[in-house]
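Trainee: I have a model open on my screen and I'm not sure where to start. Could we walk through it together?

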Amino acid sequence: QFLGRWFTSGLASNSSWFREKKKVLSVCVSVVAPSADGGLNLTSTFLRKEQCETRSMLLRPAGPPGCYSYTSPREWGPSRDTPGPALGRGDPPAPAVHEAGWWPLHRDWGSTHDVWVAMTDYDEYALLYTTGTKGLGQDFHMATLYSRTQTPRAEIKEKFTTFAKTQGFTEDAIVFLPQT
């Protein structure tokens, strides 16, 4: 039921990169498909330097249903960049929806992150929470709002805001991404 197209509509993060770039980010589109190992293939397309780029990652099952892990690649080669029509926005250097669908973990090549689908109705929204360790032991946390449409209803935005705050994010760390 989680498969198909999602839009990354909201984000909250403790990452310094996120704080610096949050004003230039916009909605990106992600497609979730099953993988051979029972996990999920997540492919996200976003705008970077006026061209669309596509990134894919494998979310491997990691415990109870809805829990996954992924390892960010050590580097992205030019063959992974896919120019095309603008579908998303941001200046992410790359890797993960996710944190699902959006790639703010770009400086953590080779690091492992845990992703939880914390809440979803499958038809309209999903709330994800990602954790990991960055660089010199700095904890990374991100909440992501996935929506089946580019403009989630106000009630869904409020649900995400409440969820992000319960994860310890402050109001200034929560962003709803504009459409492109």
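**Rings, strands and a helix**

Mentor: Let's begin with two rings: Phe2 and Trp6 are both buried. Keep in mind that this is a predicted model.

Trainee: How far apart are the ring centres of Phe2 and Trp6, and at what angle are the planes?

Mentor: A pair of aromatic rings is described by the distance of the centres and the angle of the planes. Planes under 30 degrees apart count as stacked and over 60 as edge-to-face, with the rest called tilted. Phe2 and Trp6 fall in that tilted class, at 5.2 Å centre to centre and 35 degrees between the planes.

Trainee: Which residue joins Phe2 and Trp6 in one aromatic cluster?

Mentor: The structure holds four aromatic pairs, and Phe2 and Trp6 form one of them. Their cluster takes in one more residue, Tyr146.

Trainee: Which parts of the chain does the pair of Phe160 and Phe176 tie together?

Mentor: Phe160 and Phe176 make an edge-to-face pair, 5.8 Å centre to centre with 75 degrees between the planes. The two residues are 16 residues apart in sequence, so look at which element holds each one. Phe160 sits in helix H2 and Phe176 in strand E9 (residues 174-176).

Trainee: And is Phe160 buried or exposed?

Mentor: Buried means under 20% relative accessible area. Phe176 has 29%, so that ring is partly exposed. Phe160 has 0% relative accessibility, so Phe160 counts as buried.

Trainee: Staying with H2, how far apart are its end C-alpha atoms?

Mentor: H2 covers residues 154-166, which makes 13 residues. At 1.5 Å a residue, the helix should span 18 Å. The model agrees with that, because the end C-alpha atoms are 18 Å apart.

Trainee: Where do the buried residues of H2 lie around its axis?

Mentor: An α-helix has 3.6 residues a turn, so residues three or four places apart point the same way. In H2, the buried ones are Ile156, Phe160, Thr161, Phe163 and Ala164. Seen down the axis, they fall within an arc of 165 degrees, so they line one face of the helix.

Trainee: Which residues are exposed on the other side of H2?

Mentor: Just past the helix, Gly168 has a positive phi of about 100 degrees, but that residue comes after H2. On the other side of H2 itself, the exposed residues are Ala154 and Thr166.

Trainee: Let's zoom out. What pattern do the helices and strands follow along the sequence?

Mentor: The chain has two helices and nine strands. Reading along the sequence, you get β-α-β-β-β-β-β-β-β-α-β.

Trainee: How many bridges join E3 to E4?

Mentor: E3 (residues 40-48) and E4 (residues 51-61) run antiparallel. You can spot the pairing at Leu42 with Met57, and at Arg48 with Gln51. Counting the bridges between these strands gives nine.

Trainee: Which residue in the hairpin of E3 and E4 takes a positive phi?

Mentor: This hairpin has two residues between its strands. One of them has a positive phi near 55 degrees, and that is Lys49.

Trainee: What about the other side of the pairing: which residue in E3 is the bridge partner of Val31?

Mentor: E2 (residues 28-34) joins E3 through six bridges, again running antiparallel. Five residues separate E2 and E3 in their hairpin, where Gly38 in the turn has a positive phi of about 90 degrees. Across from Val31, the bridge partner in E3 is Thr43.

Trainee: How many of the residues in E3 are buried?

Mentor: E3 is bridged to E2 and also to E4. The strand is mostly covered, and the count of buried residues out of its nine is seven.

Trainee: Which residue stands opposite Tyr68 in E5?

Mentor: E4 and E5 (residues 67-71) run antiparallel and are joined by two bridges. Their hairpin has five residues between the strands, and Gly63 there takes a positive phi near 120 degrees. The residue opposite Tyr68 is Pro61.

Trainee: Last one: what is the relative accessible area of Ser9?

Mentor: Ser9 is found in strand E1 (residues 4-13). Beyond its sequence neighbours, Ser9 is in contact with residues including Leu145, Pro152 and Phe176. Ser9 is buried, because its relative accessible area is 2%.

Technical notes
Residues are numbered from 1 along each chain as its sequence is written. This is a predicted model: local features need pLDDT of at least 70, side-chain atom pairs count only at pLDDT 80 or more; totals for chains, interfaces and linings use all residues. Side-chain values use heavy atoms; hydrogens and water are left out. Helices (H or I, at least four residues) and strands (E, at least two) are DSSP runs, numbered from the N terminus. The expected span of a helix is 1.5 Å times one less than its number of residues. Buried means under 20% relative accessible area, exposed over 50%, partly exposed in between (1.4 Å probe, protein chains only). The arc is that of the directions from the helix axis to the C-beta atoms. Two strands pair if DSSP finds at least two bridges between them. Contact means heavy atoms within 4.5 Å. Rings of Phe, Tyr and Trp (its six-membered ring) pair if their centres lie within 6.5 Å; planes under 30 degrees apart count as stacked, over 60 as edge-to-face and the rest as tilted.
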